[in-house]
Amino acid sequence: MARIVVVGSINMDLVTTVGRRPEAGETVSGDRFALVPGGKGSNQAIAARRAGAEVELVGAVGADVFAEALRRVLRDAGVGDSGLRAVEGPSGIASIVVDGGGENTIIVVAGANGRMTELSAADLDAIAGADVLMCQLEIPVLTVLAAARHARANGTVVLLNPSPVQELPDEVWAEVDVAVVNEGEAARLAGVLTAVPHVVTTLGAAGASYRGPGGLALAHPGVRVQVVDTTGAGDAFTGALAAHWHEGPATALAWACTAGALTTTKLGASASIPESAEIERLLAETEVR
């Protein structure tokens with residue numbers, strides 16, 4: 001079982017489903033509304049845990065009505081929350097609109113995630129003892145850099161999902177072992193990604209590709225499913241990839257593509273992330289076909 005520490009965000013997602021997303025200045029009637037715990041850090045932590053890893057989340061919640069629900073979703077999923085600190089002000093939120101085709105529009109307000117500016121001695125010990133450190137960019141970049149430097153210094157694999165995409169200091173990229181990007185991020189970051197040893201690019205329904213040292217290249221085709229909501233699919237992909245990275249890129253890619261596809265078959269982010277048994281079952285069915 002891989003040991004993973006996620007240094008990242010945790011949000012409450014406010015999810016509205018609608019036949020079509022409104023144009024600027026337009027009001028439309030929605031179909032459903034739900035409060036769903038999410039955030040890229042939390043989603044990826046839960047995905048890695050459900051894919052079979054031992055996982056700890058280092059992050060922050062606010063002093064509001066969402067805080068306990070956000071803690072509870074981690075505990076219920078079996079993710080360690082001893083690194084989840086409470087800060088003043090609101091927790092992070094994401095306002096998500098999902099249309100009839102399963103595509104989404106998301107607005108994120110950082111809240112407590114933006115005040116995740118320090119790592120404690122316990123946080124650093126957890127990172128040093130992990131097999132993989134996973135980070136995203138919904139917390140301050142300097143915190144990501146501090147975590148990545150400590151991981152690299154202690155032989156922990158650094159996996160970065162540079163989302164939401166932004167310009168990063170060269171010092172950050174120098175610490176990254178594995179980058180997980182979508183096609184748009186890959187195009188925008190093409191120059192800096194050449195220096196990253198392992199790059200995994202998600203391709204939506206077409207699956208994903210991998211580029212490794214020495215020109216090694218792999219691809220995994222998409223897994224055909226009935227899409228309901230694409231929210232969280234990339235996070236499920238990344239968490240499953242990290243959980244199985246120690247088995248090699250081909251196996252990790254297969255787990256990641258299958259986990260990501262299954263996530264799109266349900267509404268919401270963390271609630272739709274599949275368990276390892278579901279992933280294994282679909283993997284077996286795909287191999288038979």
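This is a friendly exchange about a predicted model of one protein chain and the reasons behind the terms used for it.

Reader: Let's start with the whole chain. What makes its radius of gyration agree with that of a compact globule?

Author: A compact globule of 289 residues would have a radius of gyration near 19 Å, and the protein chain has 18 Å, so the two agree. Along the principal axes, the C-alpha atoms fill a box of roughly 50 × 50 × 35 Å. The chain has 10 helices and 13 strands.

Reader: How much of the chain counts as buried?

Author: Of the 289 residues, 53% count as buried, and the cut-off for that word is a relative accessible area under 20%. The accessible surface of the chain comes to about 12200 Å², with 54% of it belonging to carbon and sulfur atoms. As for contacts with a separation of 6 or more, 63% are between residues 24 or more positions apart.

Reader: And the charges?

Author: There are 20 positive and 33 negative side chains, and the centres of the two sets lie 3 Å apart.

Reader: Why is helix H1 called largely enclosed by the rest of the structure?

Author: Helix H1 covers residues 40-50, and 10 of its 11 residues are buried, so the description fits. Among the buried ones are Lys40, Asn43, Gln44 and Arg50, along with Ile46 and Ala47. After H1 comes Gly52, which has a positive phi near 115°.

Reader: How do you know that Ser42, in that helix, is buried?

Author: Buried means under 20% relative accessible area; Ser42 has 0%, so it counts as buried. Beyond its neighbours within four places in sequence, Ser42 touches Ser9, Ile10, Leu57 and Leu74. Asp235 is 193 residues from Ser42 in sequence, yet their C-alpha atoms are 9.0 Å apart in space.

Reader: Leu57 is in that list of contacts. Why is Leu57 called buried?

Author: Leu57 lies in strand E4. Its relative accessibility is 0%, and therefore it counts as buried. Leaving out neighbours up to four places away, the contacts of Leu57 include Gly41, Ser42 and Ala45, as well as Val6, Ile10, Val79 and Leu84. The C-alpha atoms of Leu57 and Arg75, 18 residues apart along the chain, are separated by 11 Å.

Reader: What makes Ala63 count as exposed?

Author: Exposed means over 50%; Ala63 has 56% relative accessibility, so it counts as exposed. Ala63 is found in the loop between strand E4 (54-61) and helix H2 (67-77). Not counting neighbours within four places, Ala63 is in contact with Val87 and Gly89. The C-alpha atoms of Ala63 and Pro221 are 44 Å apart, with their positions 158 residues apart along the chain.

Reader: Now the interior. Which residues touch the most other members of the largest nonpolar core?

Author: Ile4 and Leu241 do, in a core of 52 residues. Helix H9 (residues 249-263) gives the largest share of this core, 9 residues. Another core, of 33 residues, lies apart from it and has Val141, Leu145, Ala147 and Ala179 among its members.

Reader: What does Leu241 touch?

Author: Setting aside neighbours within four places in sequence, Leu241 is in contact with Leu159, Val180, Val200, Ala252, Leu253 and Ala256.

Reader: Trp255 lies in helix H9. Why is Trp255 called buried when its relative accessibility is 9%?

Author: The cut-off is under 20%, so a value of 9% makes Trp255 buried. Outside its sequence neighbours up to four places away, Trp255 touches Ala51, Ala240, His244, Ser276, Ile279, Glu280 and Leu283. Trp255 and Glu280 are 25 residues apart in sequence and 8.0 Å apart from C-alpha to C-alpha.

Reader: And how do you know that Thr263 is buried?

Author: Thr263 also lies in helix H9. Its relative accessible area is 0%, so it is buried. The residues touching Thr263, not counting those up to four places away, include Asp229, Thr231, Ala236, Ser272 and Pro274.

Reader: One last point: where is the cis peptide bond?

Author: The bond joins Ser163 and Pro164, and omega is about 0°. Pro164 lies in the loop between strand E9 (157-160) and helix H5 (170-173).

Note on methods:
Residues are numbered from 1 along each chain as its sequence is written. This is a predicted model: local features need pLDDT of at least 70, side-chain atom pairs count only at pLDDT 80 or more; totals for chains, interfaces and linings use all residues. Side-chain values use heavy atoms; hydrogens and water are left out. A nonpolar core is a set of buried Ala, Val, Leu, Ile, Met, Phe, Trp, Tyr and Cys residues joined through side-chain atoms within 4.5 Å. Buried means under 20% relative accessible area, exposed over 50%, partly exposed in between (1.4 Å probe, protein chains only). Helices (H or I, at least four residues) and strands (E, at least two) are DSSP runs, numbered from the N terminus. Contact means heavy atoms within 4.5 Å. The radius of gyration is taken over C-alpha atoms; the globule rule is 2.2 Å times the number of residues to the power 0.38. Accessible areas come from the Shrake-Rupley method with a 1.4 Å probe; for residues, only the protein chains shown count as cover. Lys and Arg count as positive and Asp and Glu as negative; His and the chain ends are not counted. The place of a charge is taken as NZ of Lys, CZ of Arg, CG of Asp or CD of Glu.
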